[in-house]
There are 2 protein chains.
Amino acid sequence: MTTQLPAAKALLFDVFGTVVDWRTSVASQVAAALPSTVDSYAFADRWRSLYQPAMELVRSGRREFTRLDVLHLESLRTVLAEFEVTLPEETVVDLNRAWHRLDPWPDSVDGITLLKSAHIVAPLSNGNISLLLDMAKNAGLPWDAILGAEPVRAYKPMPDAYLRTADILGLAPGECMMVAAHNSDLAAARDCGFQTAFVARPSEHGPRQTTDLSAETDWTYSTDSIIELAKKMGC
Amino acid sequence: MTTQLPAAKALLFDVFGTVVDWRTSVASQVAAALPSTVDSYAFADRWRSLYQPAMELVRSGRREFTRLDVLHLESLRTVLAEFEVTLPEETVVDLNRAWHRLDPWPDSVDGITLLKSAHIVAPLSNGNISLLLDMAKNAGLPWDAILGAEPVRAYKPMPDAYLRTADILGLAPGECMMVAAHNSDLAAARDCGFQTAFVARPSEHGPRQTTDLSAETDWTYSTDSIIELAKKMGC
């Protein structure tokens with residue numbers, strides 16, 4: 001299906017859900033920091049549910065560009081209040097860094113390593129640089145560069161997030177491929193001229209996930225793992 | 001000499017001259033692209049001599065932030081005219097990318113690899129992201145992230161170049177160490193609160209180099225190679 005396209009020079013990865021299992025990792029750290037009476041998965045899900053609304057304030061121009069670490073911390077304080085939990089400030093700040101310590105899916109490190117042999121590999125995530133860098137050091141993710149919302153000051157799925165990243169790389173959009181477990185991210189990237197690769201992560205949201213269970217259209221590639229993507233791309 | 005300081009979490013490297021031997025690499029590519037009547041080292045030196053004046057327009061605010069690739073291309077056209085050489089546009093554009101293909105000094109890859117085991121390692125260069133990324137892919141430089149002038153939109157030695165980089169990393173300036181072969185770069189970094197490491201590169205400018213032959217003050221570390229720096233830091 002890709003014979004008519006030039007090979008992508010850069011593979012740009014969504015991270016939360018695509019490369020790392022944020023839900024299990026956050027819930028585990030919540031369980032360690034909060035009283036055992038708190039449902040750690042419910043807490044993680046509620047925290048994550050405030051992610052899009054927080055970024056929407058920035059995307060809509062009602063708030064200047066603000067790093068995800070700051071948005072996460074504000075959301076965490078909201079959720080702690082909702083769950084009626086009080087923690088020492090030091091614990092709150094450390095728990096916010098749970099997002100810097102997310103574990104990769106089992107295929108992520110090997111798959112990205114394979115792809116790195118023939119392509120630029122970098123995150124194109126809404127996470128800020130230090131979050132993604134700490135995560136990479138912890139998890140062994142072998143990125144060539146740390147890209148994403150912070151260097152371009154635009155949150156996905158705004159077109160600037162994709163187009164400015166291609167521009168930074170000195171590449172045409174068609175020389176870039178977005179890799180994501182979310183059909184909406186791929187749709188926005190394709191609208192900007194990117195190639196697209198879907199990686200199914202049917203348990204990102206837990207056992208009752210109903211969205212993004214499979215590719216919803218003819219993405220350039222549709223796969224079940226990053227290793228499978230690497231093999232399909234001849235790496 | 002460093003026992004009173006906390007260990008630096010991030011080592012941030014000057015690149016041109018400190019990590020790579022720009023003069024030999026550029027001269028070699030000039031020799032391949034230009035008529036043999038041109039003195040390729042004189043051409044490389046003249047091209048490099050326009051580097052600081054071009055950035056000074058940006059630093060002084062007379063020109064908006066402009067990527068080094070663009071400044072390099074403008075300077076290249078000036079030098080080609082001075083040397084009375086006419087080249088096809090495609091050759092000019094490719095020769096400008098000589099700066100993406102610079103060879104490292106013999107100790108750079110091994111030294112940075114050693115330091116990476118215990119520290120964040122990244123360039124803090126005036127080179128733009130795609131220049132530094134292509135160079136890293138070509139030379140095998142194992143950076144954790146590609147930082148420098150472009151993400152912070154400020155050229156060294158402006159304080160913003162150092163301070164915004166520390167901010168991006170979520171680190172205090174004192175948790176960052178600038179590694180450079182140029183005393184002036186280290187002085188500017190120290191003024192911002194960075195730790196400092198001098199790496200002597202006495203042939204950066206060729207056999208008749210007169211500047212930066214040695215450390216001019218009590219930098220945190222003073223060494224003759226990046227491997228020596230890694231050993232002094234216990235890596």
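**Close-up views of a predicted two-chain model**

**View 1. Strand β2 of chain B is a mostly covered strand.** Strand β2 (residues 120–125) of chain B has six of its six residues buried; a residue counts as buried if 20 or more other C-beta atoms lie within 10 Å of its own, as exposed if 12 or fewer do, and as partly exposed in between, with C-beta atoms placed from the backbone. This is a predicted model, in which local features need pLDDT of at least 70 and side-chain atom pairs count only at pLDDT 80 or more, while totals for chains, interfaces and linings use all residues. Residues are numbered from 1 along each chain as its sequence is written, and chains are lettered from A and ligands numbered from 1 in the order in which they are written. Helices (H or I, at least four residues) and strands (E, at least two) are DSSP runs, numbered from the N terminus. Look at the two faces of β2(B): I120(B), A122(B) and L124(B) point one way, V121(B), P123(B) and S125(B) point the other way, and all are buried. In a regular strand, side chains alternate between the two faces of the sheet.

**View 2. Strand β2 of chain B has β1(B) and β3(B) as partners.** Two strands pair if DSSP finds at least two bridges between them. Four bridges link β2(B) with strand β1 (residues 10–13) of chain B in the parallel sense, and here L11(B) stands opposite V121(B). With strand β3 (residues 147–148) of chain B, the parallel pairing of β2(B) has two bridges, and L124(B) faces L147(B) as its opposite.

**View 3. The sheet of chain A is open and has six strands.** Its order is β3-β2-β1-β4-β5-β6, with parallel pairing. The edges are β3 (147–148) and β6 (221–223) of chain A, each of which pairs on one side only. Follow strand β5 (residues 195–199) of chain A to find three bridges to β6(A), again parallel; F198(A) stands opposite S222(A) there.

**View 4. Helix α6 (residues 108–116) of chain A has a buried face.** Its buried residues are S108(A), G111(A), I112(A), L114(A) and L115(A). Seen down the axis of α6(A), they fall within an arc of 155 degrees, so they line one face of the helix; the arc is that of the directions from the helix axis to the C-beta atoms. These residues pack against β1 (10–13), β2 (120–125) and α11 (226–232) of chain A.

**View 5. L12(A) sits in the largest nonpolar core.** That core has 144 residues, and those with the most contacts inside it are L12(A) and L12(B). A nonpolar core is a set of buried Ala, Val, Leu, Ile, Met, Phe, Trp, Tyr and Cys residues joined through C-beta atoms within 7 Å. Among the residues that L12(A) touches are A122(A), L124(A), L147(A) and V179(A), not counting residues up to four places away in sequence. Contact between two residues means that their C-beta atoms, placed from the backbone, lie within 7 Å.

**View 6. Chains A and B meet through the same surface.** A rotation of 180 degrees with 0.0 Å of shift along its axis superposes chain A on chain B (RMSD 0.0 Å), so the two copies are related as by a two-fold rotation axis. The superposition is by least squares on the C-alpha atoms of residues with pLDDT of at least 70 in both copies. Of the residues of chain A, A145(A) comes closest to that axis, at 2.3 Å (C-alpha). The contact takes 13 residues from each of chain A and chain B, and helix α7 (residues 129–139) of chain A gives the most to the chain A side, with five residues.
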